[in-house]
Amino acid sequence: MSLTTAQILDLAPDASSRKAGQDQAKPQKWAGLGRAGTVIWGEIKGSGASPYRTVADLAGPSSKCTCPSRKFPCKHGLGLMLVDASAPIAEGEPPDWAAAWMKGRESRAAAAETRAKEPAKPVDERAQAKRRQAREDRVAAALDELDLWLRDLMRRGLAAARGEPYAFWDRMAGRLVDGQAPGLARRVRALPGLIAAPQAGAPRPEAALGLGLGRLALLLRAARRLDALSREQAAGVRAALGYPVTAEEMAARPDHADTWAVLAHAVEEEDRLTARSVWLVGRASGALAQVIDYGTAGAPLPPAPAAGQHFSGVLAFQPGDPPLRAVFREGQAGPAAEAALPGATSVAVARDAFADALSRAPWLERWPVRLGRVRLGRLAAGSAAAFAAGDETGSLALRAEPRLPSLLAVAAGRPVDLFGLYDGYGLSPLALVAEGRLYAMPAQDSQPVLLQVA
């Protein structure tokens, strides 16, 4: 098997590693390249006297290198996999050092399989219930503290809040983390970022801050009324607070089989984690899905279908209302038969879909929308004019961002299908379909370009 370039770059622990890995992806830099099944290896000259020995298993994916880097995978591991992605490495007999690594992996896999077959230890239900109640108590205390903090903030007014240093917001977020409510902590940490210079397609700083605080208050109110909510609504509230969905809960979720079009990847840095969202839409059902994976320096992101491919298989949606977040269950990725945006609608219908999502979860920050046959253009004349996507039913302002000129150039005034995230003020485009071709925003590359992916 081989991974795509996008899948390999998703494994990188940070932006500098991605760039350095691409610099190492030149076959002429490598010696002794070879392959045995899904395992590839090679040697590359480094700063030391001896070349670095790098080996990778594409099925993991996993890699090891003799370089002193503490990042995983290192730039040499990324470079080796990128070399194979551009032109598959030929089969060969593994050298001793590669064979030893392969044998060690086989031994560890066998040991893990043996452990998996061992009878499970009995669950101490009393201790489990005690831990669960302890967390509920900590979260309840965190909600009380957040409520008091919000009331005090609103008594002083938004003008006073705009003058607070970042440490003011970070302290409250830290207390929420201690109270095991990381979802609330993330929202609090995002508040000072809203108090910035106004941009096209974004609310004024005062309105953005008021909206962020209002969503926090609504989420806090819902968290105190879980008994009055439906099961799916309550699950959505708990997910927004930061409660994880257990394996037992996911095992009970129904299958959703379809041929899923992979529209785009989006990567964000959250504290010390790298969060990757894979956006999909069912070709038959029209259902939207967001699959989120997290990676760290020691545990990179797992492979995922690349933008422009299709995934023929099964997803399972996590509890929540409206449903959106999902996980891959089983299936296979492959080239798409055609570039399309299933379920694309008019601007008016997209606005109604956003309103419906807000009515079910009013603390939502963004919601995916699909627009069909829209044209991109200016909202008004002048150097500071905003751009919008519109049709005969209305228009949505486009958020100002570096890739907007490339988006407009690809559309070239023609009707296009557009996919992006809408927050009630502006649309952040992630992909568009123009003349039978799918273009996606690069997930991790900061260059102001679009990628033709299908």
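# Sheets, cavities and a pocket in a predicted model

R53 forms a salt bridge with E43, and the closest N and O atoms of the two side chains are 3.2 Å apart. R53 lies in strand β3 and E43 in strand β2, so the pair ties together parts that are 10 residues apart in sequence. This contact belongs to a set of 25 salt bridges that the structure holds. The model described here is predicted, and every value in this report is to be read with that in mind.

The strands that carry this salt bridge are a good place to begin. Which order do the 4 strands of the open sheet follow? The order is β1-β2-β3-β4, and the pairing is antiparallel. At the edges stand β1, which covers residues 30-36, and β4, which covers 62-65; each has a single partner strand, so one side of each is left without a neighbour in the sheet. On average, and with direction ignored, neighbouring strands of this sheet are turned by 10° against each other. Strand β3, made of residues 52-57, is joined to β4 over 4 bridges in the antiparallel sense, and A56 has S63 in β4 as its bridge partner. A helix also belongs to this picture, for α4, which spans residues 96-117, lies across β1, β2, β3 and β4 and runs at about 35° to β3.

Another sheet involves strands with higher numbers. This open sheet of 7 strands has the order β12-β11-β10-β13-β14-β15-β16, again with antiparallel pairing. Its edge strands are β12, residues 394-397, and β16, and each of them pairs on one side only. The following table sets out three of the strand pairs in this sheet, together with one pair of facing residues for each.

| Strand pair | Bridges | Facing residues |
|---|---|---|
| β13 (residues 416-422) and β14 | 6 bridges | F419 and A431 |
| β14 (residues 427-434) and β15 (residues 437-440) | 4 bridges | A434 and R437 |
| β15 and β16 (residues 451-452) | 2 bridges | A440 and L451 |

The middle row of the table can be followed a little further along the chain, where β14 and β15 form a hairpin with 2 residues between them, and where E435, which sits in the turn, has a positive phi of about 50°. Two helices lie across strands of this sheet as well. Helix α12, residues 347-360, lies across β10, β11, β12 and β13, and its direction makes an angle of about 145° with β10. Helix α13, residues 404-411, lies across β10, β11, β13, β14 and β15, and runs at about 30° to β14.

The spaces within the model can be described in a similar way. How many cavities of 30 Å³ or more does the count come to? The count comes to 2. The largest cavity holds about 40 Å³ of space. Its lining includes A261, V262, L263, R283, G308 and Q309, and further along the chain A336, E338, A339, A340 and L438; among these, L438 falls within the residue range of strand β15, residues 437-440. Strand β5, which covers residues 256-270, gives the largest share of this lining, with 3 residues. By class, the lining of the largest cavity consists of 7 nonpolar, 2 polar and 2 charged residues.

The second largest cavity contains about 30 Å³ of space. It is lined by 10 residues, of which A12, P13, G295, T296 and P300 are the closest to its centre. When the residues of this lining are divided by class, 6 are nonpolar, 3 are polar and 1 is charged.

Finally, there is a pocket to consider, the second largest in the model, with a volume of about 710 Å³. It is lined by 21 residues, and R238, P244, V245, T246 and E249 lie nearest its centre. Which helix gives the most to the lining of this second largest pocket? Helix α10 does, with 6 residues. Helices α5 (125-156), α10 (231-241) and α11 (247-251) each supply at least two residues of the lining. By class, the lining of the second largest pocket has 8 nonpolar, 3 polar and 10 charged residues.

Notes:
Residues numbered from 1 in each chain as written. Predicted model: local features only at pLDDT ≥ 70, side-chain atom pairs only at ≥ 80, totals over all residues. Heavy atoms only, no water. 1 Å grid on protein atoms, 1.4 Å probe; cavity = no way out; pocket = protein on both sides within 12 Å on 5 of 7 lines; lining within 4 Å. Points joined across faces, edges and corners; volume = space filled by probe spheres on them. Nonpolar A, V, L, I, M, F, W, Y, C, P; charged D, E, K, R; others polar. Pairing = 2+ DSSP bridges. Axes fitted to C-alpha atoms, helices over the stretch in contact; angles between N-to-C directions. Contact = heavy atoms within 4.5 Å. Salt bridge = Lys/Arg side-chain N within 4 Å of Asp/Glu carboxyl O.
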